[in-house]
Every structure is written in structure tokens, then in C-alpha cells.
Amino acid sequence: MRLAVLSDIHANLAALDAVGDELGSFDELWVLGDIVGYGPQPNEVIRRLQELGARAVTGNHDGAAIGTVDASWFNPDAQAAIQWTTTVLDENARAYLAALPEVRRDGELTAVHGSPREPIWEYITDAAIAAANLGAFETRHCLYGHTHLPVVYQADGAHISVIPATASSPIALDARRALINPGSVGQPRDGNPEASWLMLDTEAGIAEFHRVRYDIALTQRLMREVRLPRWLVERLAIGR
Ligand code: ZN
């Protein structure tokens with residue numbers, strides 16, 4: 001199965017559409033949460049995901065936007081963006097977000113936003129946290145997002161290998177357990193502003209990471225028009 005994996009789209013329709021143009025043929029599209037928040041087009045992004053038949057899990061921003069997650073933990077910019085998002089979400093978007101599960105399991109794959117043991121909030125930012133989570137899911141591989149950083153953590157006996165995800169070299173997956181982050185479509189934070197996504201060939205065991213250029217200036221203009229916080233606008237251009 002060719003599985004397209006997207007995460008942290010954050011209401012950035014220009015980035016999502018650029019990725020959509022590059023997807024080519026796929027069997028399923030999985031989305032790892034934070035569909036809204038930060039960006040200017042939450043309703044449009046959700047409609048596009050519906051058109052694409054995406055299977056999604058919920059993220060902390062998705063829950064905050066419909067009031068099921070406490071946004072007081074967010075930094076002030078994220079809070080301001082969530083407040084704005086809450087005021088513009090239409091009925092279709094609210095219903096869509098409210099129906100998202102925290103965890104999806106299918107065959108040898110689990111999907112969450114944060115981490116398997118703490119699907120909404122935990123950030124997997126190093127090998128120690130990854131190691132603690134490798135025992136928290138039952139499938140061979142777990143797809144996660146939340147950090148906006150593309151990477152693979154693979155269990156090698158007691159050792160954890162950290163495999164940086166680069167677009168130039170596909171990563172071979174095998175029977176070893178792995179945590180796999182596709183990076184962020186709508187707000188990359190690894191210093192590369194291009195939208196990040198993953199194509200997983202589940203039969204061949206190949207993880208191909210991709211970067212796609214998109215019209216950053218368009219998203220920034222739409223953000224300024226609705227007065228989203230300045231840093232959220234600026235960071236898109238630097239990928240931080
Ligand atoms: Zn996010």
C-alpha cells in the first residue's frame with residue numbers, strides 16, 4: 001500500500017495544495033493532526049481533506065479550536081490564533097474536528113499526533129522519549145507529528161537509532177519497531193520552509209520524505225489580512 005502521510009497542516013491551504021499536486025498515486029492519505037491553528041484557511045483545508053478522503057487523528061490545536069482541549073497551555077501567539085480560528089470555523093469544520101479520534105490503528109501502523117502514550121500533548125524530541133514510547137504501541141510502526149520535525153527513531157535492541165529524514169535518501173524500514181514523523185506541511189520548523197510530507201510504501205518498507213515549495217507569500221498575506229500574530233507570519237519564510 002502506498003500511504004501518503006501529512007501532519008501539522010495548520011490551516012495552510014497553499015502548502016496543502018502544493019503537496020496535493022505532488023502526491024501522485026496513493027492508496028490512502030493519513031493526517032496526523034493539527035489540521036487547524038496558526039494559519040489563515042481552516043475551513044478550506046478541512047474541505048480539501050474531505051475531498052481527498054483523508055483519514056485523520058486529532059491534534060492539540062484541533063481540540064483547542066472546538067473547546068475540547070484547554071488552550072491556556074498554549075503560548076500567547078498560538079492562543080491568539082486559536083481564538084481567531086474559533087470565531088471563523090464553520091459547521092462542517094466543527095463537526096469534522098469533533099469526530100476525529102486520538103489514535104488510529106490499521107495493520108502494522110498506529111497513528112497519533114503527539115506520542116502513543118500521550119496522543120495529544122507529548123513531544124517526541126529525543127531518543128530517550130522515543131525509547132519510552134516504543135513500548136506504548138502494539139503495531140510495528142507508529143506515525144506521529146507535533147514537533148514539526150521529520151525524523152525516524154528505530155529500535156535496535158536496547159539502542160535507539162535516530163535517522164534524520166532527508167528528501168534525497170529514502171529510509172528502509174524492516175521488522176524493527178519505529179516511530180516516524182513526516183514533518184509539517186503548514187509550518188515546518190527544521191530550517192527549511194518547504195512543506196514536508198512522507199510517502200510510505202508499506203509492502204516494500206520504504207519511507208520517502210519529500211519537500212515541496214509553495215506560495216509562502218500568499219499564506220502570509222492572508223494571515224496579515226486577518227491580523228494573525230506577526231511571528232506566526234514571519235516564521236513561515238524561515239522554517240522555524
Ligand atoms: Zn502543530
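**Zinc site and salt bridges of the predicted model**

H10 is located in the loop that connects β1 (2–6) to α1 (13–22), where helices (H or I, at least four residues) and strands (E, at least two) are DSSP runs numbered from the N terminus. The structure is a predicted model, in which local features need pLDDT of at least 70 and side-chain atom pairs count only at pLDDT 80 or more, whereas totals for chains, interfaces and linings use all residues. Residues are numbered from 1 along each chain as its sequence is written, and side-chain values use heavy atoms, with hydrogens and water left out.

With a relative accessibility of 1%, H10 counts as buried; here buried denotes under 20% relative accessible area, exposed over 50%, and partly exposed the range in between (1.4 Å probe, protein chains only). Although H10 is not a glycine, its phi is positive, at about 50 degrees. Contacts of H10 (heavy atoms within 4.5 Å) comprise D34, I35, V36, G37, Y38, G39, H61 and H148, when residues up to four places away in sequence are not counted. The side chains of H10 and H148 are also joined by a polar contact of 3.3 Å. Such a contact is a pair of N or O atoms within 3.5 Å; within protein, one must be able to donate a hydrogen and the other to accept it, and residues adjacent in sequence count only if both atoms are side-chain atoms.

H10 and H148 both take part in zinc coordination, each through NE2, together with D8 (OD) and D34 (OD), at 2.1 to 2.3 Å. D8 in the loop between β1 and α1 and D34 in the loop between β2 (28–31) and α2 (42–52) are 26 residues apart, a pair that links distant parts of the chain. Both of these aspartates, D8 and D34, are buried. Donors are N, O and S atoms within 2.8 Å of the metal (3.2 Å for Na, K and Ca); water is not among the atoms, so sites may look incomplete. The spacing of the donor residues in sequence is D-x1-H-x23-D-x113-H. The arrangement is irregular because the 4 donor atoms subtend angles of 84 to 175 degrees around the zinc ion. Four donors would count as tetrahedral if all angles lay between 85 and 135 degrees; four count as square planar and six as octahedral if opposite donors are over 155 degrees apart and all others between 65 and 115, and anything else is irregular.

The model contains 11 salt bridges, each defined as a side-chain nitrogen of Lys or Arg within 4 Å of a carboxyl oxygen of Asp or Glu. One of them pairs D190 with R211 at 2.7 Å, N to O. Because D190 lies in the loop between β10 (178–181) and β11 (195–201) and R211 in strand β12 (residues 206–212), this pair ties together parts 21 residues apart in sequence. A salt bridge is likewise formed by the side chains of E194 and R213 (3.4 Å, N to O). E194 is in the loop between β10 and β11 and R213 in the loop between β12 and α7, so parts 19 residues apart in sequence are tied together. E194 is partly exposed at 22% relative accessibility, while R213 is exposed at 69%.

Within helix α7, E225 and R221 are 4 residues apart, a separation of about one helical turn. The closest N and O atoms of their salt bridge are 3.0 Å apart. Elsewhere, D17, R48 and E51 are joined into one network by salt bridges that share partners.
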